[in-house]
Amino acid sequence: MAYVAFADRDTHSHDPDTFLTKYIWSQDHKVIAIQYAITAISVGLVALVLSLLFRLQLGFPDSFSLVKPNEYYQYVTMHGMIMVVYLLTALFLGGFGNYLIPLMCGARDMVFPYLNMLSFWFYLLSVIVLMSSFFVPGGPTGAGWTLYPPQSISPGTPGVDGGIVLMILSLAIFIVAFTMGGLNYVTTVLQARARGMTLMRMPLSIWGIFVATILGLLAFPALFVAAIMLFLDRVIGTSFFMPEMLAMGNTTEYGGGSPILFQHLFWFFGHPEVYIVALPAFGMVSDVLSVHARKNIFGYRMMVWAIVAIGALSFVVWAHHMYVSGMNPYFGFFFATTTLIIAIPTALKVYNWILTLWRGDLHLTVPMLFAIGFIFTFIHGGLTGLFLGNVTVDLPLSDTYFVIGHFHMVMGVSPVLVLFAAIYHWFPKITGRMFHTGLGKLHFWFTLIGTYSIYLPMHYLGILGLPRRYFAYGDTDFIPESAHLMNAGITIAALLVAAAQCLFFINVIWSLAKGKKADPNPWRAASLEWLTPDTPPKHGNWGAELPEVHRWPYDYSVPGATQDFIPQTVPANSGVAPRNEQETEG
Amino acid sequence: MKGLIQEQGPIALPASRVGLWVFLAVVTSLFGLFAVVYNMRAEFPDWRPLPDPTLLWLNTGLLILGSITLQRARSVSEKPNLNSLKWSLTTSSLLTIGFLFGQIIAWRQLASSGYFFTTNPANAFFYLLTGLHGLHLLGGLWFLGRANLKIWGNVEIYSIEEIAHLRLSVQLCSFYWHYLLLIWLILFSLLLST
């Protein structure tokens with residue numbers, strides 16, 4: 001039933017006419033996408049400010065008294081959780097998933113628009129609940145973003161009164177919101193594609209978002225189960241996870257529970273979560289690279305299967321986050337092996353990106369710069385992942401800044417660079433305005449060099465043995481003066497990177513007000529979203545008739561063609577044959 | 001508050017069916033993980049299994065009958081005359097409500113003999129799993145209730161799309177019921193086995 005274009009029949013499109021139905025209680029996927037994006041970026045800014053506060057403490061422990069030890073843990077915890085779940089997951093899937101799926105597949109909207117609207121409002125509620133934990137007695141939880149029991153719900157941990165309860169509630173609400181959105185994304189991709197849009201003609205952005213959503217739908221229940229049980233342990237005193245123990249010198253009511261059980265559940269969610277963020281980034285960066293290099297993506301089919309393989313493998317590597325918790329050596333061997341195997345499809349993708357660039361007609365536009373920057377940061381972050389995947393290397397490095405450097409490179413900076421690439425790339429379509437190129441390039445160079453100066457030194461600090469999670473180091477023998485100096489340097493770089501993000505916001509606001517009116521297809525791209533009759537697309541996306549797809553979205557610089565790109569809607573017999581049917585692998 | 005798709009009649013059929021399948025995949029993941037965690041936690045020495053109330057057998061019977069009547073509703077919904085659908089839909093809803101009440105009574109029986117939520121992880125899991133399963137049924141009842149309201153209304157004036165929509169919701173409900181019955185049977189055997 002995949003090709004039944006649901007809107008190809010005469011129907012009244014029920015255009016929303018009041019301000020309220022158009023912008024607030026909207027069921028239009030584009031408005032919901034923007035609502036998701038604004039909420040996610042706002043809450044991300046909170047997390048950014050938190051990181052600056054604790055970086056000031058780490059870089060200049062004697063000069064600033066902005067944070068107390070308790071607050072340090074609270075800010076670190078909130079920074080991590082917000083960035084991973086409430087910013088990256090929400091922005092990639094709720095934001096770009098919502099915006100791009102119907103437009104790139106040639107649908108008029110998501111298949112369940114009402115559910116889609118509910119998804120956003122539940123997401124907003126989860127953010128409000130999370131933010132409210134800053135204002136309850138005891139403040140937000142300081143248990144670390146992994147929320148490991150018993151420590152997360154035992155007296156002495158910051159935020160054990162209200163913060164942890166609100167955190168768990170907020171996560172549960174987020175999961176409900178994600179499930180409602182996810183049902184939409186998967187069903188829309190499966191059921192509402194335009195005529196001719198076979199699965200193997202979908203842009204890689206959609207493949208990445210599609211597989212990431214499936215991962216999310218199967219992995220978030222693990223967090224949900226963990227959250228329910230942790231909630232019951234905390235609130236009514238069950239002992240699912242809580243062992244018999246002393247807390248603050250008193251015996252507790254708990255007994256017999258298993259903290260390791262929580263870790264298994266958490267990481268069964270937590271590792272696929274890495275790929276929930278990474279796969280949409282992989283997909284979107286592929287499209288940006290191909291468009292701005294004026295070349296077809298190298299090895300399209302290989303790229304699709306790599307996305308699917310990474311998605312499947314991501315469910316069997318979770319315990320590599322638990323080497324330090326102790327496990328049967330055979331388990332460690334198994335999980336180290338699967339972890340290293342996942343490097344194969346990942347490396348394959350990296351090679352294909354580079355081969356896409358090879359001898360391409362590179363246009364170093366702002367989105368292209370960010371996309372190329374991503375290749376660098378991702379290779380660096382990915383390689384250190386190979387170190388940490390081995391049990392014997394992980395054990396000494398696990399509790400050091402090496403790990404901070406690794407995962408910020410691979411799942412902090414890399415996805416954020418793709419997000420910026422994607423925002424700059426689709427900005428003309430979303431807003432109908434061009435952004436300021438000079439400001440964009442300035443933003444890129446500050447961000448790339450700045451983030452490198454933050455995270456590259458951290459690897460060195462980690463190998464030196466500088467432990468993470470410490471509020472201040474004081475005078476410690478094995479930490480040389482130069483390490484303190486380096487820490488101060490990292491903080492200054494962090495401040496600069498944060499300041500550089502102002503360039504982005506200035507650019508967005510300036511462009512919305514004064515930007516040049518955008519051409520409907522400024523990058524001369526071949527995929528469907530650039531072929532809408534209106535820019536920005538109106539409700540219903542396609543005007544009177546749905547597009548019909550005749551080729552893959554990567555027909556760039558086709559020999560013999562009149563233009564250097566052939567839109568997906570151009571029939572096969574008009575001049576040149578569709579290319580992916582001629583030569584499937586690049 | 002209707003979106004673009006709802007008014008478009010039969011074409012919405014495959015989408016909601018696929019949507020249900022995807023949702024059931026999520027439900028499977030949720031209960032599957034609970035089953036794994038249940039087994040892992042049951043291996044710890046403080047696990048004290050609780051007696052399974054005999055009432056659960058009766059409840060299981062009710063749920064099986066509910067599923068059978070809904071399957072019957074599904075087959076008669078294909079016929080042009082929708083009258084026979086009325087009774088099988090309503091019977092099935094009542095049987096399901098009966099199951100849910102039975103579960104609550106089973107909870108009360110356990111609580112009155114001292115098996116409270118927090119006394120032992122076995123008890124906590126019992127309440128948690130039965131409660132979660134009940135909540136899923138309750139969600140299904142919301143859709144079945146809407147189908148009931150529809151069928152007891154004035155069927156003659158319904159458009160072809162409305163009737164098609166009604167048939168679809170009966171089909172989807174029956175599928176969901178069978179699935180939740182399967183989950184209950186697995187949960188029940190899990191609860192009996194420890």
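Here are a few exercises on a predicted model, each with a worked solution.

**Exercise 1. Check the length of H6(A).**
Work out whether the end-to-end distance of helix H6 of chain A agrees or disagrees with its number of residues.

*Solution.*
- Start with the residues: H6 of chain A runs over residues 204–235, which makes 32 residues.
- Next, the expected span is 1.5 Å times one less than the number of residues, so at 1.5 Å a residue H6 should span 46 Å.
- Now compare: the end C-alpha atoms are 44 Å apart, which agrees.
- Then look along the helix for a kink: there's one of about 30 degrees at A:Leu217, shortly before the proline A:Pro221.
- To finish off, H6(A) is mostly covered, with 27 of its 32 residues buried, and just after the helix A:Gly237 takes a positive phi of about 85 degrees.

**Exercise 2. Do the same for H7(A).**
Find how the span of helix H7 of chain A compares with what its residue count suggests, and locate its bend.

*Solution.*
- H7 of chain A covers residues 259–292, that is 34 residues.
- At 1.5 Å a residue, H7 should span 50 Å, and its end C-alpha atoms sit 49 Å apart, so the two agree.
- The bend turns up at A:Trp267, where H7(A) turns by about 25 degrees.
- As for cover, 31 of the 34 residues of H7(A) are buried.
- Following H7(A) comes A:Arg294, with a positive phi near 50 degrees.

**Exercise 3. Map the nonpolar cores.**
Say which residues have the most contacts inside the largest nonpolar core, and which helix gives the most to it.

*Solution.*
- The largest nonpolar core has 243 residues, and those with the most contacts inside it are A:Tyr86, A:Tyr123, A:Tyr300, A:Trp353 and B:Phe34.
- The helix that gives the most to this core is H3 of chain A (residues 69–105), with 22 residues.
- Zoom in on A:Tyr86: leaving aside neighbours within four places in sequence, its contacts include A:Ala40, A:Val43, A:Met81, A:Tyr123, A:Leu130 and A:Phe174.
- Don't miss the second, separate core: it has five residues, among them A:Val111, A:Phe112, A:Ala192 and B:Ala15.

**Exercise 4. Sketch chain B.**
Describe the make-up of chain B, from its helices and strands to its surface.

*Solution.*
- Count the elements: chain B has five helices and zero strands, and along the sequence they read α-α-α-α-α.
- For dimensions, the C-alpha trace of chain B spans about 60 × 30 × 30 Å along its principal axes.
- Of the 194 residues of chain B, 53% count as buried.
- Turn to contacts between residues at least 6 apart in sequence: in chain B, 83% of them join residues at least 24 apart.
- Last comes the accessible surface of chain B, about 9,100 Å², with 70% of that belonging to carbon and sulfur atoms.

**Exercise 5. Sort three residues by exposure.**
Decide whether A:Cys502, B:Cys173 and A:Asp519 are buried or partly exposed.

*Solution.*
- You need the cut-offs: buried means under 20% relative accessible area, exposed over 50%, and partly exposed lies in between.
- A:Cys502 has a relative accessible area of 43%, so it's partly exposed.
- B:Cys173 comes out at 5%, so it counts as buried.
- While you're on cysteines, the structure holds zero disulfides over all chains.
- A:Asp519 has a relative accessible area of 45%, so it's partly exposed; A:Asp519 lies in the loop between helices H15 (481–514) and H16 (579–582) of chain A.
- To place A:Asp519 in space, take A:Thr346: the two are 173 residues apart in sequence and 35 Å apart, C-alpha to C-alpha.

Methods: Residues numbered from 1 in each chain as written. Chains lettered and ligands numbered in written order. Predicted model: local features only at pLDDT ≥ 70, side-chain atom pairs only at ≥ 80, totals over all residues. Heavy atoms only, no water. Core = buried A, V, L, I, M, F, W, Y, C linked by side-chain atoms within 4.5 Å. Buried < 20%, exposed > 50% of the residue type's maximum accessible area, 1.4 Å probe, protein only. Helix = DSSP H or I, 4+ residues; strand = E, 2+ residues; numbered from the N terminus. Contact = heavy atoms within 4.5 Å. Bend = angle between axes of the 7 residues up to and from the residue. Areas by Shrake-Rupley, 256 points an atom, 1.4 Å probe, with all protein chains shown as cover. Disulfide = S-S within 2.5 Å.
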